[in-house]
Amino acid sequence: MSITLYTTSPEQTRSLGRSLGKLLQAGDIVCLQGDLGSGKTCMAQGIGSGMGVAGVINSPTFVFVNEHAPVTRGPYFYHIDLYRICDLTEALTLGLEDYMYGDGVTVIEWADRAKEMMPSNCLWVRLTYRDYTERRLTLEAIGERYIALLQALVQDPAVASAQIEVSA
Ligand SMILES: Nc1ncnc2c1ncn2[C@@H]1O[C@H](COP(=O)(O)OP(=O)(O)O)[C@@H](O)[C@H]1O
Ligand SMILES: [Mg+2]
């Protein structure tokens, strides 16, 4: 199942992330794909906000991972960025799989850089730059858990109002 929608401001992308973040559970993996400036970090900020985690969410570009603890309860938020990894071995060495198969929610920017390591079941979010303030976001759910997640997401009024296209 996949949905495609358009946002026309960073706030709107963050808000979509927030709606998604509220639905995420321990063990969930969200793969973000898109060029520099397409809004991956913006989306991750919304997810963290929706999950209710501590700490400022910014690009982990120089550190591989930022770990955000829940403010009150709920899973950890592992915010990973593969922009600077050179190969799969490096991703392995840095513990990518330990995060993905750990007990938190893992959100991975530039996930396509380690495509082979991504689980078959996950949520792919592909962001495309349209113009200065417009982005196209295609969310593709693979596997039962993620299809249920995406179905719940489209029920969210904030998402439903912006949603433009759903395909099986
Ligand atoms: N609709 C939009 N959604 C997300 N970001 C947007 C949007 N319109 C403009 N922007 C801007 O684009 C940039 C996205 O940056 P960022 O989220 O860091 O991208 P990435 O992590 O993909 O490199 C920010 O400067 C943000 O303000
Ligand atoms: Mg980024």
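Trainee: Are the residues on the two faces of strand 2 buried or exposed?
Mentor: This is a predicted model, in which local features need pLDDT of at least 70, side-chain atom pairs count only at pLDDT 80 or more, and totals for chains, interfaces and linings use all residues. Residues are numbered from 1 along each chain as its sequence is written, with chains lettered from A and ligands numbered from 1 in the order in which they are written. A strand is a DSSP run of E of at least two residues, a helix a run of H or I of at least four, both numbered from the N terminus; buried means 20 or more other C-beta atoms within 10 Å of a residue's own, exposed 12 or fewer, partly exposed in between, with C-beta atoms placed from the backbone. Ile29, Cys31 and Gln33 on one side of strand 2, and Val30 and Leu32 on the other, are all buried.

Trainee: Which residue of strand 6 is the bridge partner of Cys31?
Mentor: Strand 2 (residues 29-33) runs parallel to strand 6 (residues 122-129), joined by four bridges; strands pair if DSSP finds at least two bridges between them. Strand 2 also pairs with strand 5 in the parallel sense over four bridges, where Cys31 has Ile108 as its partner. In strand 6, the partner of Cys31 is Trp124.

Trainee: Which strands are the edge strands of the sheet?
Mentor: The sheet is open, with eight strands in the order 3-4-5-2-6-7-1-8 and mixed pairing. Pairing on one side only identifies the edges: strand 3 (65-68) and strand 8 (163-167).

Trainee: What angle does helix 2 make with strand 5?
Mentor: In strand 6, Arg126 is the bridge partner of Gln33. Helix 2 (residues 40-51) packs on the sheet, touching strands 2, 3, 4, 5 and 6; contact means C-beta atoms, placed from the backbone, within 7 Å. Axes are lines fitted to C-alpha atoms, for helices over the stretch in contact, and angles run from 0 to 180 degrees between N-to-C directions. The direction of helix 2 makes an angle with that of strand 5 of about 170°.

Trainee: Which helix gives the largest share of the largest nonpolar core?
Mentor: A nonpolar core joins buried Ala, Val, Leu, Ile, Met, Phe, Trp, Tyr and Cys residues through C-beta atoms within 7 Å. The largest has 40 residues, and those with the most contacts inside it include Val30, Cys31, Leu32 and Val125. Five residues, the largest share, come from helix 2.

Technical notes. Two residues are in contact if their C-beta atoms, placed from the backbone, lie within 7 Å.
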